[in-house]
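Biologist: I would like a close look at the helical part of this model, taken slowly and residue by residue where that helps. Please also cover the loops that join the helices.

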Amino acid sequence: MRNRLPKDKYPKTYYVAKDRLETSGSGWWCSGFYPGTMLYLDEAVKSPVLEGEIDRILQDLKREQYNKTTHDLGFMMFCSFGNANRLHPKPEYAEILMNSAKSLASRFDEKVGCIKSWDSSDDGYLVIIDNMMNLELLFWASEYSGDKKYYDIAVKHANTTLKNHFRADHSSYHVVNYNSKTGEVKRKRTAQGYADESAWARGQAWGLYGYTVMYRATKDKKYLDQAVAIAEFILNHPNLPKDKVPYWDFNAPNIPDALRDSSAGSVMASALLELKNYVDSAASKKYFAAAKTIITTLTSKEYIAEEGTNGGFLLKHGVGHIPEKSEIDVPLTYGDYYLVEAMLRYKKQIK
């Protein structure tokens, strides 16, 4: 992948039939996953080949610390510079992370109680469940700087999302549109899933992971209760296959012939391997077993690409955005990232 990647470009996906590697610039929401995956791999195996490429791509990516047009700075900067700073602490990394947190916090609105996800041309204020994944950057910034502002923004966003994003069965909508002037909910929908009232698989995974992080950062039991409720929704769902890699939407109309989403599975596995540490022994065993099953499935020949066949990506069978006919049954850079993270977590827990 490194050898095929144009300068200043980041891997996005790969199309086998055309042998075409699709790339993005540093401003794409997935830009942090390529260096993040390499940092995890380097943590596991220590490779000079990886280290040189990590340094190169981070030098390019650092410009995004000042990007105030996106809510995805957690994905972009914490998965990359957060891991870099964790493994090899440097004042430069910490400064980049603080600037990134400031940029992310600039998108918070007190009246709505959320960080804005997508900009809107009218009085709408769009917030997606994915945004729960960006709050970890704010917790880091609060702890590093001693400024509680970042902590408070993360908590307010999580509380507003908890109130408005979830249904009675603990499944999640993808998008909530608030009135920017009043903070009232205008509409709830599911843009990347099958239907507004369906449970888009990766959205459920983002929520599971996000509220697990919320409990880690705050020790507030309501977040643990929410993470457990989401986990139970996922694992007890009649449409979850025995191998635990979900269909792209739990309510997809053509199950069992619907496409699976390996990226949703990898996020779920990683989240469950953290959540198991916060629950009683019976639940812990259940979540560990489910994560092990997902990882076993995703590292089988069905999902792991043979060397040289997948544009350098690890995982096959990811689903990006079926309604938009985009990135369907392809590798996805975040699928790789969360799979490697899950494998590292698993390895540490079986020692």
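Modeller: What follows goes through the helix contacts, then a loop and its residues, and finally a strand residue and the cysteines. Please keep in mind throughout that this is a predicted model.

I begin with helix α5, which spans residues 135-145 and is mostly covered, since eight of its 11 residues are buried. The buried residues are Leu-135, Glu-136, Leu-137, Leu-138, Phe-139, Trp-140, Ala-141 and Ser-142. What lies over these buried residues of α5 includes the helices α3 (73-87) and α4 (91-105), β4 (114-115), and also α6 and α7. After α5 comes Gly-146, whose phi is positive, near 80°.

Two of the elements that cover α5, namely α6 and α7, also pack against each other. The axis of α6 (residues 148-164) and the axis of α7 (residues 201-218) come within 11 Å, crossing at roughly 140°, and the two helices are therefore oblique to each other. Their crossing is left-handed. On the α6 side the contact involves Tyr-151, Ala-154, Val-155, Ala-158, Thr-161 and Leu-162, and these meet Tyr-211, Met-214, Ala-217 and Thr-218 on the α7 side. Sorted by class, the contact of α6 with α7 has eight nonpolar residues, two polar residues and no charged residues.

A second helix pair is formed by α9 and α10, which pack at an angle of about 145° with their axes 8 Å apart. The crossing of α9 and α10 is left-handed. From α9 the contact takes in Ser-262, Gly-265, Ser-266, Met-268, Ala-269, Leu-272, Leu-273 and Leu-275, while from α10 it takes in Tyr-287, Phe-288, Ala-290, Ala-291, Ile-294, Ile-295 and Leu-298. The residues of this contact of α9 with α10 divide into 12 nonpolar, three polar and no charged.

Within that second pair, Tyr-287 deserves a separate description. Tyr-287 lies in α10 (residues 281-298), and with a relative accessible area of 0% Tyr-287 is buried. Leaving out residues up to four places away in sequence, Tyr-287 touches Val-228, Ala-231, Glu-232, Leu-235, Leu-272, Leu-275, Lys-276 and Val-279. For one of these partners, Lys-276, the separation from Tyr-287 is 11 residues in sequence, and the C-alpha to C-alpha distance between the two is 5.7 Å.

Next comes the loop between α8 (221-235) and α9 (262-275), where His-237 is found. His-237 is buried, with a relative accessible area of 13%, and apart from its neighbours within four places in sequence, His-237 is in contact with Glu-232 and Phe-250. Glu-232 is also among the residues touched by Tyr-287. The loop between α8 and α9 also contains Lys-244, which has a positive phi of about 70° although Lys-244 is not a glycine. At 22% relative accessibility, Lys-244 counts as partly exposed. Further along, Pro-256 is found in the loop between α8 and α9, and a cis peptide bond joins Ile-255 to Pro-256, with omega at about 15°.

A positive phi in a residue that is not a glycine is also found at His-317, where the value is about 65°. His-317 is located in the loop between α10 and β8 (318-321).

Away from the helices, Glu-22 lies in strand β2, which covers residues 20-24. Glu-22 counts as buried, at 18% relative accessibility, and, not counting residues up to four places away in sequence, Glu-22 touches Tyr-10, Pro-11, Lys-12, Thr-13 and Tyr-15. Glu-22 and Leu-5 are 17 residues apart in sequence, and their C-alpha atoms are 9.4 Å apart in space.

Finally, there are the cysteines. The structure holds zero disulfides. For Cys-30, the closest cysteine sulfur is in Cys-79, at 9.9 Å from the sulfur of Cys-30, which is too far for a bond, given that a disulfide requires a pair of cysteine sulfur atoms within 2.5 Å. Cys-30 counts as buried, at 4% relative accessibility, and Cys-114 likewise counts as buried, at 0%.

Technical notes
Residues numbered from 1 in each chain as written. Predicted model: local features only at pLDDT ≥ 70, side-chain atom pairs only at ≥ 80, totals over all residues. Heavy atoms only, no water. Buried < 20%, exposed > 50% of the residue type's maximum accessible area, 1.4 Å probe, protein only. Axes fitted to C-alpha atoms, helices over the stretch in contact; angles between N-to-C directions. Helix = DSSP H or I, 4+ residues; strand = E, 2+ residues; numbered from the N terminus. Parallel < 35°, antiparallel > 145°, perpendicular 65-115°, else oblique. Left-handed = near helix turned anticlockwise from the far one by under 90°. Contact = heavy atoms within 4.5 Å. Nonpolar A, V, L, I, M, F, W, Y, C, P; charged D, E, K, R; others polar.
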